[in-house]
Every structure is written in C-alpha cells, then in structure tokens.
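This report describes selected side-chain contacts, one covalent link, one helix and one pocket of a protein chain. Please examine the sequence and the structure before reading on.

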Amino acid sequence: VMAVAAAVIGTTMGLRKHTDSQEVLSSCQQSVDIYQSNVERLKKTVDGAAADLQITESQVKNPQTVTDLHNAVNKGNKKTTIDASCDASASVEDIQAADQKITAATRRLGNKVEAILSAKTAVEHSKNARDVAVAKANLNNKVNDGQNVLSTVHSNDLTARQNLSAALSEAQQVVSASDSLNASIYASELDKLQDAINKYTATAVSQ
C-alpha cells in the first residue's frame, strides 16, 4: 500500500511540476509578445516626433526643450538586445529569470516612450508660448502705430476715425489679456487693426 501511495504521490508531483513549468513558459512567452509590441510602440513614437524634431531652438521660448527632445529620440533609436529567451528545455528557475529580464527590458522601452512623449509636449508648449509672445508684441507695436496715425494723420471722414478708434480700443483690450490666448487671436486682431489704419489713412487730407 505504501509503495502504491508513494507512486501516486510521485506521479502527482510530476504532473504538478509539468503544469508549473508550462505556466511559467507561457508567462515568459507572453512577456516576449508584450516586449515586441512595445518595440513597435517605441518605433511609432520616434516616427511621430519627426515634425517636432524640425522645430529649432530659435522657435521656442525655452531652447532646452528642443535639446531634451533630441536626446530622448536618440535614446529611443538606440538598438537594444535582451540576453534572455523562453527556452522550453530550460529549468523553471531559468525561464522565470528570463521572464524577469524581458519584463525589465519592456519597462525600459516604456520609459523611453514616455520620455519622448513628454519632451515632445514640452517643445510644442514652448513653441506656442513663443508664438504667443511674438504675436502679442506685434499687436502691441501695431497699437502704437495706430495711435500715432490717429494723432498725426488728418481726415474729415468721421466714420473712418471712429472705426480706427474702436479697433484700437479692442486691440488694447486683447493686448492686456493674459498670454494664454492663442497666437492666432493676436494675429487676427492685428489684421483688423491694420485694415482700420489703412482705411483711415486712405481718407487723409493735406494740411
């Protein structure tokens, strides 16, 4: 009876060990699939940064953001290899060790992706900040031009003068607003003011 019991126990343990080995191998193979998926994700992220890589330091408010993006993409382009594989003939311990290496490598790929995305966003925000600052300064300069025109150019066209005064007032309000405005808003306001200036000067009379 003891011999039979021992045989049964031995068979059960053998089946369990086989099952555990299969589960560990399956987990390792799944990690490989996830790793490969992240390799593709990193490649797409690098490709997706192409347009932002064309942005120069002179086009952004903070030049460091451009440097950071280039560094992040360069790291993303570096080829990496994993000294591990899911060998079905290996021991459970070796397969688990390989699984851990592959998982760690996947995590590093994810970090590279996040670094590129973060740097990409920083460049875009920095460029927008500079665009806004430049557009706002241009509008402010145009307000000064308009005020100068209004005070030095003489016209008998009351409507043209009123229109220019209104355009100046509106432009000054926009200039006084926060820099959170889109650059296109400042540009649009500048165009309207320029149009009012042109129409007013067209009615000028000589003294």
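A residue counts as buried under 20% relative accessible area, as exposed over 50%, and as partly exposed in between. The model is predicted, and local features are reported for residues with pLDDT of at least 70.

**Salt bridges within helices**

Aspartate 131 has a relative accessible area of 25%, so this residue is classed as partly exposed. Its place is in helix H4. The side chain of aspartate 131 forms a salt bridge with that of lysine 127, with 2.9 Å from N to O. Lysine 127 is likewise partly exposed, at 25% relative accessible area. Both partners belong to helix H4, which spans residues 92-152, and they are four residues apart, about one turn of the helix.

Why can such a spacing bring two side chains together on a helix? An α-helix has 3.6 residues a turn, so residues three or four places apart point the same way. Side chains of opposite charge can then pair when their charged atoms come close.

Helix H6, residues 183-201, holds lysine 192 and glutamate 189, which are three residues apart, about one turn of the helix. Their side chains meet in a salt bridge of 3.5 Å, N to O. Is glutamate 189 buried or exposed? With a relative accessible area of 7%, glutamate 189 is buried, because this value is under 20%. Lysine 192, by contrast, is partly exposed at 44%.

Aspartate 195 and lysine 199 also lie in helix H6, four residues apart, about one turn of the helix. Their salt bridge has an N to O distance of 3.2 Å. Aspartate 195 is partly exposed at 38% relative accessibility, whereas lysine 199, at 53%, is exposed. Elsewhere, salt bridges with shared partners join Asp52, Lys120 and Glu124 into one network.

The three pairs described individually are set out below.

| Pair | Helix and spacing | N to O distance |
|---|---|---|
| Lysine 127 and aspartate 131 | H4, four residues apart | 2.9 Å |
| Lysine 192 and glutamate 189 | H6, three residues apart | 3.5 Å |
| Aspartate 195 and lysine 199 | H6, four residues apart | 3.2 Å |

The count of salt bridges comes to nine.

**The disulfide**

How many disulfides does the model contain? The count comes to one. Cysteine 28 and cysteine 86 form this link, with their sulfur atoms 2.0 Å apart. The angle about the S-S bond is -85 degrees, and the link is left-handed. Cysteine 28 lies in helix H1 (residues 2-48), and cysteine 86 lies in the loop between helix H3 (64-77) and H4, so the disulfide ties together parts that are 58 residues apart in sequence. Cysteine 28 is buried, at 0% relative accessibility.

**Helix H3**

Helix H3 has 14 residues. From its first C-alpha to its last, H3 reaches 20 Å, close to the 20 Å expected at 1.5 Å a residue. Which residues of H3 are buried? They are Thr65, Val66, Leu69, Ala72, Val73 and Gly76. These residues lie on the same side of H3, because they cover an arc of only 130 degrees around the axis.

**The largest pocket**

Rolling a probe the size of a water molecule over the atoms shows where empty space is left. The largest pocket holds about 230 Å³ of space. H1, H3 and H4 each supply at least two residues of its lining, and H1 gives the largest share, five residues. The lining includes Tyr35, Val39, Leu42, Lys43 and Val46. Among the other lining residues are Gly76, Asn77, Lys78, Lys79, Thr80, Leu109 and Lys112. Gly76 is thus both a buried residue of H3 and part of the lining of the largest pocket.

**Contacts across the sequence from H4**

Two residues of H4 can be placed relative to other parts of the chain. Asparagine 140 lies in helix H4 and is partly exposed, at 33% relative accessibility. Its C-alpha atom is separated by 8.0 Å from that of alanine 171, and the two residues are 31 apart along the chain. Aspartate 131, the salt-bridge partner of lysine 127, is 55 residues from tyrosine 186 in sequence and 10.0 Å from it in space, C-alpha to C-alpha.

Conventions:
Residues numbered from 1 in each chain as written. Predicted model: local features only at pLDDT ≥ 70, side-chain atom pairs only at ≥ 80, totals over all residues. Heavy atoms only, no water. Buried < 20%, exposed > 50% of the residue type's maximum accessible area, 1.4 Å probe, protein only. Disulfide = S-S within 2.5 Å. Expected span 1.5 Å × (residues − 1). Arc of directions from axis to C-beta. 1 Å grid on protein atoms, 1.4 Å probe; cavity = no way out; pocket = protein on both sides within 12 Å on 5 of 7 lines; lining within 4 Å. Points joined across faces, edges and corners; volume = space filled by probe spheres on them.
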